[in-house]
Amino acid sequence: MSHIDSFKHELVGYLGYLPVYHPLEEIEGDFTCDETQLVLGGGSGEHPALVIENPTATVAFFLKEVIKQEKKLKHWEELIAPYLPYGSDELLSFYEWNIARYSDLDEMSKSVSLRNPIHEESIEDWLILGIGEFIFFSMPELASHLMSQLDDPYKEFYYSRYNNIMVIPPNFPVFSNGGNKFFNKKSE
């Protein structure tokens with residue numbers, strides 16, 4: 001049993017071989033996070049955890065890249081600016097990762113089996129941009145303060161740029177102590 005299984009959480013999907021979880025309560029132990037964050041890997045018994053410390057900032061970094069190409073969204077620069085002073089070490093916490101785990105992640109990020117493998121950016125930037133895009137489109141509640149300020153946020157988007165998180169289809173069994181994030185069955 002992995003550490004995260006001791007706490008309420010839901011499976012969001014998979015980034016390559018790494019499960020992506022959304023905690024439903026505060027978690028302390030192998031790693032520390034709460035329901036405002038995402039976790040890749042589940043800690044002891046599964047894979048060392050990588051906590052997305054500030055989901056709103058990852059969305060801001062994603063939008064910063066989008067604005068470079070979509071000049072009509074330039075008016076968002078002022079809205080995202082407060083979330084951009086963070087460095088990758090403040091956005092990503094690697095708990096109990098060693099060189100071999102990091103090397104495995106680097107190799108996975110280059111895999112042609114991913115829809116959008118890494119190009120020239122660092123592994124940290126690739127993760128931040130991909131997670132930011134995912135949150136922007138799929139879990140905007142994790143960045144609600146920023147998202148609520150964006151006028152018609154999805155209007156100018158016609159394709160994905162970093163989409164690599166595979167969402168688990170409905171009715172597939174998951175072991176998460178909270179189920180599948182996007183397909184939880186409602187009790188009647």
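In the classification applied here to pocket linings, Ala, Val, Leu, Ile, Met, Phe, Trp, Tyr, Cys and Pro count as nonpolar, Asp, Glu, Lys and Arg as charged, and the others, Gly among them, as polar. On this basis, the residues lining the largest pocket of the structure, which is a predicted model, divide into 9 nonpolar, 2 polar and 2 charged. The volume of this pocket is about 180 Å³, and of its 13 lining residues, Leu-11, Tyr-14, Tyr-21, Phe-175 and Ser-176 lie nearest the centre. Strands E1 and E2 are the elements that give two or more residues to the lining of this pocket.

Both of these strands also belong to an open sheet, in which 6 strands follow the order E5-E4-E3-E2-E1-E6 with antiparallel pairing. At its edges are strand E5 (92-94) and strand E6 (165-166), each of which pairs on one side only. Within the sheet, strand E2 (residues 18-23) and strand E3 (residues 38-40) run antiparallel and are joined by 2 bridges; Val-20 has Leu-40 of E3 as its bridge partner.

Leu-40 is likewise prominent in the nonpolar interior, where the largest core has 45 residues and where Leu-38, Leu-40 and Leu-63 are those with the most contacts inside the core. Two or more residues of this core are given by each of strand E1 (9-15), E2, E3, strand E4 (50-52), helix H1 (55-69), helix H4 (99-109), helix H5 (123-138) and helix H6 (144-147), with H5 supplying the largest share, 9 residues. When residues up to four places away in sequence are not counted, Leu-40 touches Leu-15, Leu-18, Pro-19, Val-20, Pro-48, Ala-49, Leu-50, Ile-52, Leu-127 and Ile-131. A second core, separate from this one, comprises 11 residues, including Ile-4, Phe-7, Ile-27 and Val-51.

A further position considered is Leu-114, which lies in the loop between H4 and H5. Because its relative accessible area is 9%, and buried means under 20%, Leu-114 is classed as buried. Leaving aside residues up to four places away in sequence, Leu-114 touches Gly-16, Met-108, Ser-109, Trp-126 and Asn-164. Leu-114 and Met-166 are 52 residues apart along the chain, and their C-alpha atoms are separated by 9.6 Å.

Notes
Residues are numbered from 1 along each chain as its sequence is written. This is a predicted model: local features need pLDDT of at least 70, side-chain atom pairs count only at pLDDT 80 or more; totals for chains, interfaces and linings use all residues. Side-chain values use heavy atoms; hydrogens and water are left out. Two strands pair if DSSP finds at least two bridges between them. Helices (H or I, at least four residues) and strands (E, at least two) are DSSP runs, numbered from the N terminus. A nonpolar core is a set of buried Ala, Val, Leu, Ile, Met, Phe, Trp, Tyr and Cys residues joined through side-chain atoms within 4.5 Å. Buried means under 20% relative accessible area, exposed over 50%, partly exposed in between (1.4 Å probe, protein chains only). Contact means heavy atoms within 4.5 Å. On a 1 Å grid over the protein atoms alone, a cavity is a set of points where a 1.4 Å probe fits but cannot get out, and a pocket is an open set with protein on both sides within 12 Å along at least five of seven lines; lining residues have an atom within 4 Å of a point. Grid points are joined across faces, edges and corners, and a volume is the space filled by probe spheres set on the points.
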